[in-house]
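Student: Could you take me through one part of this structure in close detail, and then show me how it sits within the whole chain? I'd enjoy a connected account rather than a list.

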Amino acid sequence: MAGRGAAALLALCLLRAAAHPQCLDFRPPFRPPRPLRLCAQYSAFGCCTHERDAELARRFGALAARVDAPVWAACAGYALDLLCQECSPYAAHLYDAEDPSTPLRTVPGLCEDYCLDMWQTCRGLFRHLSPDRELWALESNRAKFCHYLSLDDTDYCFPRLLVNKNLNSNLGRVVADAKGCLQLCLEEVAHGLRNPVAMVHARDGTHRFFVAEQVGLVWAYLPGRERLAQPFLNISRAVLTSPWEGDERGFLGLAFHPRFRHTRKLYVYYSVGVGFREWIRISEFRVSRDDENTVDHGSERIILEIEEPASNHNGGQLLFGDDGYLYIFTGDGGMAGDPFGKFGNAQNKSALLGKVLRIDVDHGERYRVPPDNPFVGDPAARPEVYALGVRNMWRCSFDLGDPATGAGRGRLFCGDVGQNKFEEVDLVERGRNYGWRAREGFECYDRKLCANTSLDDVLPIFAYPHKMGKSVTGGYVYRGCEYPNLNGLYIFGDFMSGRLMSLREDLGTGQWQYSEICMGRGQTCAFPGLINNYYPHIISFAEDEAGELYFMSTGVPSATAAHGVVYKVIDPSRRAPPGKCQIQPAQVKVKSRLIPFVPKEKFIWTPESTPRPTTARAPTKAPRRRRPTAAAPVPTPRPVRPTRRPGGRRGGGRRRGRPSPAVPTPSDGAVRLVRPPGLSPGRGRVEVFAGGHWGTVCDDAWDRKAAAVVCRQLGFAHAERAAKRAEFGEGRALPILLDDVRCAGVEHSLLECRHAGVGTHNCGHEEDAGVVCSHQDPEP
């Protein structure tokens, strides 16, 4: 614990080394909805609402009434300057409020030369501006008085920060590094989930959200992020999946009926198997009459089943469009290269695999085909087909449209997983062919089929090569209220590399501009409650009922490993004005016990430089499918090999804050294994990094729970055993850093476990601890 305290103190010192835009409520600045009257210089961007500006005007008027007229004539400008710094975008820095645990200044931090000038004629003003009696006592001593009021970092004091180009050139815009990587932050929303494949809301005004696990459970969360102890839906006995990392089968999709408030219906997409036969099933359920937070499990009505010739490429997305129809996104049937039939399933209009399907679930015995589906009346096609030529679309979304104009509403975005070279993002339209298996991204895959002039396929809006990632996870166009700068930005990711990415349409040319997204460095995410790292296997994205954006990822991509986390995407550069985005959730009767949400993830201070997530080992993926692409930026190569799915990614469990190409200094708590020659990976002496040094761990109290923490950090799902008595050799060249380590088994590093303190021990290297890790459960 002593080590963690020292690290926290160092981080705090580093954080205070530079200012970042932040208000006194510890949140980003905003654009006031109408001009301010007193502090007009902050009307375009700052920290004051019209009501706060009016309150400052009242204080200014009261001050004028208390100060002698001749003094006021000379000092009114100073008074206005000082009062209005509460409205500055850097108010938190000026008032020492960047850390909520420190006391606020009563007067903003001043540049010493400004203070010395003000002292000459207006020092008596401070008795009316501040209740700080210590400041009053220094009034007669000019040097001590101004030293007390000054800020140490002279570039960030008032008024010099007003002319600091570095601080003001891009104020209010999304922060980008020198390479154009957009720096955003995250807020942890839920954790302890087993491959969270989907998060949806019911459009019923309750602002609940429902998170589906690959094993077949769906959990209900209230707007305050409390989770109901009883699952909303549990069909785990019917769902076909396995603990294998990379297994693409399982519970894959969930959608609520667009009129759920009245119909109480929802639809699910999951894998089923008997013997060697496997298929996908789309079913309808109804919510229980007795409990609106529980599904009536006896109400299942099977809508559609499709035979799966292989265990991969299972699709899984369900969406309702504005037209009220259900859109179903299937994979091409699996294996590699869509080897089924003469042209593959994706190009075969009479097959339901490799397609986007569109059906009417409100009519017919099971469903009805909408009369305007593009292939209705074509004897060679299934009438359910809405679009074809897809390999394995993993996560699609409808654009809600610009909040002000509605522009873009109804556009259908999909990430389609590639085969050998490219991943792609498509805009799906009625009746169009998206090219697989003739084409992968912008390039030909099956050259003979690609040369067929009747193909008439649509190229993706964006594609990227496998040096950037090997399994796209489609996302959403941000249309929420809280972060205006993100409006119109399509945010998506890659399951294999852990990259977060974005596209923005150039309305003049119709082209899509790419920007990578990195976790904010330095001060960028230094807000209470925000974090700047995430687990690397990005499984899915989501919108809540207010349109805010989320994504789900895991450090151990197995359907049975409870390491999944839900993150909310945050823009630290600008927020909406206070009060604009308030919601009033409809009341929900809760019968189940509530489990309060307690965040576990931590902010990690990283130096200001090129941002990215830490490289994790090549995964095996979560439900997704492969597809190529050509023209794309050439960022950091990542050594990863393909295989996809919520189960996918062998051996990586590290969080992402997005890595730079240079090998970074390890963060406190990092671990490594040192093993004698000839031993297989996953076993060795444990060495931990803390306080700038690598060191060993003593085996006092060392047990399998502590070993599990180490194994998870190194990308292994299980700890076979905890090794003691220097079984893997003594690390005599290193200091002993940890002793008496006691873990619960859920910590992210040994430093989070109880221990004697970094560097404190009563043991020798003959007690150096080790571990034996495994990808397989030693106790099945």
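**A hairpin and its neighbours**

Tutor: Happily! Let's start at the turn of a hairpin: strand 30 and strand 31 form it with two residues between the strands, and there Gly 691 adopts a positive phi near 65°. Please keep in mind that this is a predicted model.

From that turn, look at the pairing on either side. Strand 31 covers residues 693-697 and runs antiparallel to strand 30, with four bridges joining the two. One of the residue pairs to find on screen is Ala 690, whose bridge partner in strand 31 is His 693.

Strand 30 itself spans residues 683-690, and it is mostly covered: seven of its eight residues are buried. By buried I mean a relative accessible area under 20%.

Strand 30 has further partners to trace. Strand 29, made of residues 671-674, pairs with strand 30 in the antiparallel sense over four bridges. Here Leu 673 has Val 686 of strand 30 as its bridge partner. Then there is strand 34 (residues 770-774), again antiparallel to strand 30, with three bridges joining them. In this pairing, Arg 683 finds its bridge partner in Val 772 of strand 34. As you look along these strands, a general point may help: in a regular strand, side chains alternate between the two faces of the sheet.

Now for another part of the chain. An open sheet of eight strands is arranged in the order 21-22-23-24-1-27-26-25, and its pairing is mixed. At its edges lie strand 21 (472-477) and strand 25 (537-543), each of which pairs on one side only. From one strand to the next, the twist averages 35°. Within this sheet, strand 23 (residues 500-505) and strand 24 (residues 512-519) run antiparallel and are joined by six bridges. A good place to see that pairing is Ser 502, which stands opposite Ser 515 in strand 24.

Finally, let's step back to the whole protein chain. Its secondary structure amounts to 12 helices and 34 strands. Of its 780 residues, 58% count as buried. Among contacts between residues at least 6 apart in sequence, 67% join residues at least 24 apart. The accessible surface of the chain is about 31300 Å², and carbon and sulfur atoms account for 52% of that surface.

To return to your close look, follow strand 30 from Arg 683, paired with Val 772 of strand 34, to Ala 690, paired with His 693 of strand 31, and you arrive at Gly 691 in the hairpin.

Terms used
Residues are numbered from 1 along each chain as its sequence is written. This is a predicted model: local features need pLDDT of at least 70, side-chain atom pairs count only at pLDDT 80 or more; totals for chains, interfaces and linings use all residues. Side-chain values use heavy atoms; hydrogens and water are left out. Two strands pair if DSSP finds at least two bridges between them. Axes are lines fitted to C-alpha atoms, for helices over the stretch in contact, and angles run from 0 to 180 degrees between N-to-C directions. Buried means under 20% relative accessible area, exposed over 50%, partly exposed in between (1.4 Å probe, protein chains only). Contact means heavy atoms within 4.5 Å. Accessible areas come from the Shrake-Rupley method with a 1.4 Å probe; for residues, only the protein chains shown count as cover.
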